[in-house]
Amino acid sequence: MALHTTVQIGDRVCINDGVCILTASHDVMDPAWSHTKAPIVIDDYVWIGTNAMILPGVHLGRGAVVGAGAVVTKSVPAGGIVVGNPAKPLAKTRTEHLTYNPCEFLSANRAWLLG
């Protein structure tokens, strides 16, 4: 049986190395170990740190930050910052006014744009 679901990624998103984005899993309470699936939405200006894991059904709001190695089981509001396993919100949030382009910081990308 094929599982089809979506990952929607906004503009100016930074997804670091080793990130896992999982849209499907199994129901461990089901004796038949049936599949579960849900889409993932990643809004503009989200930053997902190295080796983070995003689980099915999560929505990362505009400008959200996921700390390195975090396991995100619940949606994160716009500007929210989460860390840990399971990911928990920090008291601080990001500014609402974001204008950067994450590709501007990567010299390798500059070479591709020029070449």
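**A small sheet and a pocket**

Hi everyone, let me start with one pair of residues: Ile21 stands opposite Ile54 in β8. Please keep in mind that this is a predicted model.

So where does that pair sit? Two bridges join β3 to strand β8, residues 53-54, and these strands run parallel. They belong to an open sheet of three strands, in the order β3-β8-β11, with parallel pairing. The edge strands are β3, at 20-21, and β11, at 71-72, and each of them pairs on one side only. As a quick reminder, strands of a sheet pair through backbone hydrogen bonds, either parallel or antiparallel.

Now let me step back to the chain. The protein chain has 13 strands and one helix, and along the sequence the helix comes after the strands. Of the 115 residues, 28% are buried. The accessible surface comes to about 7400 Å², and carbon and sulfur atoms account for 58% of that. For those of you who like contact maps: among contacts with a separation of 6 or more, 33% are between residues 24 or more positions apart.

Next, the pocket. How many residues line the largest pocket, and which lie nearest its centre? There are 16 in the lining, with Lys74, Val82, Ala87, Lys88 and Pro89 nearest the centre. The elements giving two or more residues to that lining are β12, at 81-83, and β13, at 88-89. The volume of the largest pocket is about 190 Å³. As for chemistry, its lining divides into nine nonpolar, four polar and three charged residues.

That's my tour, thanks for listening!

Terms used
Residues are numbered from 1 along each chain as its sequence is written. This is a predicted model: local features need pLDDT of at least 70, side-chain atom pairs count only at pLDDT 80 or more; totals for chains, interfaces and linings use all residues. Side-chain values use heavy atoms; hydrogens and water are left out. Two strands pair if DSSP finds at least two bridges between them. Helices (H or I, at least four residues) and strands (E, at least two) are DSSP runs, numbered from the N terminus. On a 1 Å grid over the protein atoms alone, a cavity is a set of points where a 1.4 Å probe fits but cannot get out, and a pocket is an open set with protein on both sides within 12 Å along at least five of seven lines; lining residues have an atom within 4 Å of a point. Grid points are joined across faces, edges and corners, and a volume is the space filled by probe spheres set on the points. Ala, Val, Leu, Ile, Met, Phe, Trp, Tyr, Cys and Pro count as nonpolar, Asp, Glu, Lys and Arg as charged, and the others, Gly among them, as polar. Buried means under 20% relative accessible area, exposed over 50%, partly exposed in between (1.4 Å probe, protein chains only). Contact means heavy atoms within 4.5 Å. Accessible areas come from the Shrake-Rupley method with a 1.4 Å probe; for residues, only the protein chains shown count as cover.
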